[in-house]
There are 4 protein chains.
Amino acid sequence: MTSRTATAPAKPLRRDAATNRERILEAASQVFVAHGLDAGVDEIARKAGVGVGTLYRRFATKQALIDELVGTIRLELLALAREAATHDDGTGLEQLLRGVGTVQARHSGFLGRIWHHSDAELGALTEFRRLLRSLLRQAQEQHLVRPDVTATDMSLVMWSTAGIIETTQDAAPDAWRRHQELLLAGLRPSGTDTAHRLAERPLTEAQVRRVGTAATAQSAIRKATPQT
Amino acid sequence: MTSRTATAPAKPLRRDAATNRERILEAASQVFVAHGLDAGVDEIARKAGVGVGTLYRRFATKQALIDELVGTIRLELLALAREAATHDDGTGLEQLLRGVGTVQARHSGFLGRIWHHSDAELGALTEFRRLLRSLLRQAQEQHLVRPDVTATDMSLVMWSTAGIIETTQDAAPDAWRRHQELLLAGLRPSGTDTAHRLAERPLTEAQVRRVGTAATAQSAIRKATPQT
Amino acid sequence: MTSRTATAPAKPLRRDAATNRERILEAASQVFVAHGLDAGVDEIARKAGVGVGTLYRRFATKQALIDELVGTIRLELLALAREAATHDDGTGLEQLLRGVGTVQARHSGFLGRIWHHSDAELGALTEFRRLLRSLLRQAQEQHLVRPDVTATDMSLVMWSTAGIIETTQDAAPDAWRRHQELLLAGLRPSGTDTAHRLAERPLTEAQVRRVGTAATAQSAIRKATPQT
Amino acid sequence: MTSRTATAPAKPLRRDAATNRERILEAASQVFVAHGLDAGVDEIARKAGVGVGTLYRRFATKQALIDELVGTIRLELLALAREAATHDDGTGLEQLLRGVGTVQARHSGFLGRIWHHSDAELGALTEFRRLLRSLLRQAQEQHLVRPDVTATDMSLVMWSTAGIIETTQDAAPDAWRRHQELLLAGLRPSGTDTAHRLAERPLTEAQVRRVGTAATAQSAIRKATPQT
DNA sequence: GATGAATGAGATTTCATTCAT
DNA sequence: AATGAATGAAATCTCATTCAT
């Protein structure tokens, strides 16, 4: 399901090359999640069990590798949207937003990149947004979402979810669910009973205090730490 | 009110040293906002009009400098909370959350750091949270916020706001206001009329597409970009 | 007449192998002229329509490939010398030197290699020099060249021509003709009328200023240039 | 006499910095002569007894370092031209050309760079050419050089000399003198007695055969040699 | 025999931190 | 006390050569 590059049609890779390609992508995904995008290509190559040269044979630059992974994520999001679009009772929207949260949580470390302007599977992202608009319209027709909410507000939902994940991934991996529940409540029309008990459990105070304890979140500043 | 470091009380600095200290902090603040935390210490020192040696005499590491600024921001937040605590009609909470948004927007680039675990003015942060809990209780007593919302949910509000700012700072600097309005609507009890027209304007589609176009937001990955 | 390598006589190649060999040499010749000796073997293989493995089956190292081409050029020079040797009126020398200039201009990029010590068709080079000495002697006997000029001076003519070509190949491809005309005038005996108008046109000032502007000539240093 | 950069006026360097700067330039000059411009910056730094960081503090890129050295050479050439311009009997031209040969021989390894288009002390080069034109005119007025020789032909003299040096620097360091003597003979008017014995000794056959034996000339291909 | 994927040393450049002046 | 020159590890990327398919 993963396309080789965003653009080129190109001939199929040899089997061993294809294997390595997947291993590199897998390793990169893990390393980026663990150490942020600043992680060195050496580490990725080592984890993938290949030389750096191999990595660079497959991906022209580190950025290209990142873009490829971003593209994969965008395709994953598009698949979710298409699945959600099969519902015609207006519930597809919430389902999709929850799915997007799950995907973002699984690929933390790319949180910014997914939404930032880049050519990586841009078409998929565009189509995703089109479907999202359509799902919003349906939800509004079913009076599940207040009418003055716009499609751009859906982006706010996803971006704010990303922010929660970025902050809490280590201390409270499910925090985004609680947040999304609260935010979605704010989107409902006035008539809706917003008082039904919240399904997601709130974070504990201890979790809040533990935020940012893990090394991961410090990746951006790693270079600032003494080396000997 | 600003302590020299989060930990040491220490003896007072000579007048010129104190001046240098302030100039470094001011310069660092500007440079970090402009180029992200990856900005080099040389640039900060140059902007402050001092040598890097002087910078390192005042701050043990770059991280310590960052922590100091984070401490300043936390003190700023505490001041906001104390101001909000003077209201006793339950409206202090929303006022504070909006204030926190403004502060976060002003200090984008430190977004993660503010909430992440660090010793920088940790006491201020703790006190801030205490006041926030108190304000939430008041708001709930006035039935402005639904009762099953917890203090930890307030952290979610602030973190998600941070996420919006991080994503949109260049393309739509006020996007966080719209987001907060929607999220706060979700916190209100069922009886509240959530249908009053939303005051904040939604983003345009163009703004959404422009997200991440500016160089600033890319700073974290700058080193990873190919040079052709 | 082309031997497989400068050293080994070896068994004949299979037909297809021989074909590949020629295609590689042809491709290498073109690529080296276009991008200098720093051009990568991948590019040569691609242009030849073979894999790098095939290239390395035919030529032990990149250096061996270069030597082979150098050998070809030396054979070409020998052929020129044999042709010139058919003249017995003393004019063969100038004719040969002009021919050598043409060959060098056609194979710029190998300029140093042709004359530098290497085993590539060393016999051809030796024979070439023998013929050159003979042609010089004839020219001197006909009083076309002053008697105190030696055979080693002929090398100076060819090397200096190479220098002109290296410097001017992009800005003034025929500059070497003017240079050679001047130099040959210096070889003539005092009685000769050196005042006859020079046949070759001098370079324009603009051409002189344009020297080294083109990318080609910079190839040797390409890696040393900043990328900003 | 060496200017710090081709452009900047800038404040003077600290003494230790200035010392290191000179040591780097000196080391670079030696290393480039010994191994060509492809020599690594590590080697230069090691030879200079400084870290690579120091080298890069002084010179933004390797190219900038090269340009600086080229600039120095061009200034050296300009000084020669000014000295030669003090003669008003027409002999300044030959004197200058010989001087240029000496300078080129001393800085082999930069042979191409000196004349190639680059901003390094471009003004000096321009002024040098102006003086050269003037000297040529004087020589022609004194009937020391034939009238149909142009200023651009002087460039041919210098470039061809560079070619001789490049080829013969190891095997016959003075070969360029013999070459220049022959070439200058070609520039004299017909009436001149060109039969006076040539002052410079010709190369021996052995020297010609030894050309290119030393490692230096092979620098461009060093990377092509096996590493283990 | 042919292919091209894989290798990994090495090149240039950056930057947090130390230390001589 | 202040300065900024020096350090050197680490990052990205290239390419001649080897070897599994």
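Select C:H143 to begin: this residue follows α7(C) and has a positive phi, near 60°. The model on screen is predicted.

Now step back along the chain and select helix α7 of chain C, residues 122-141. How far apart are its end C-alpha atoms? They are 29 Å apart; at 1.5 Å a residue the 20 residues should span 28 Å, so the two values agree.

Stay on α7(C) and colour its buried residues: C:A124, C:L125, C:F128, C:R129, C:L131, C:L132, C:L135, C:L136, C:Q138 and C:A139. Show α4 (62-84), α5 (92-106) and α8 (151-168) of chain C as well, since the buried residues of α7(C) pack against these helices. A general point helps in reading such a pattern: an α-helix has 3.6 residues a turn, so residues three or four places apart point the same way.

Next, bring in chain D and look at where it meets chain C. Each chain is part of this contact, with 56 residues from chain D and 56 residues from chain C. On the chain D side, select α4 (62-84), α6 (111-115), α8 (151-168), α9 (175-187) and α10 (205-210), the elements that give two or more residues. Which of them supplies the largest share? That is α8(D), with 12 residues. Coloured by residue type, this side of chain D shows 26 nonpolar, 20 polar and 10 charged residues.

Finish on chain A. Its domain assignment gives domain 1 (17-59) and domain 2 (65-190), and the C-alpha centres of the two domains lie 28 Å apart. Their contact takes eight residues from domain 1 and seven residues from domain 2. The domain 1 side has six nonpolar residues, two polar and no charged.

Note on methods:
Residues are numbered from 1 along each chain as its sequence is written. Chains are lettered from A and ligands numbered from 1 in the order in which they are written. This is a predicted model: local features need pLDDT of at least 70, side-chain atom pairs count only at pLDDT 80 or more; totals for chains, interfaces and linings use all residues. Domain bounds come from an automatic or database domain assignment. Two residues are in contact if their C-beta atoms, placed from the backbone, lie within 7 Å. Ala, Val, Leu, Ile, Met, Phe, Trp, Tyr, Cys and Pro count as nonpolar, Asp, Glu, Lys and Arg as charged, and the others, Gly among them, as polar. Helices (H or I, at least four residues) and strands (E, at least two) are DSSP runs, numbered from the N terminus. The expected span of a helix is 1.5 Å times one less than its number of residues. A residue is buried if 20 or more other C-beta atoms lie within 10 Å of its own, exposed if 12 or fewer, and partly exposed in between; C-beta atoms are placed from the backbone.
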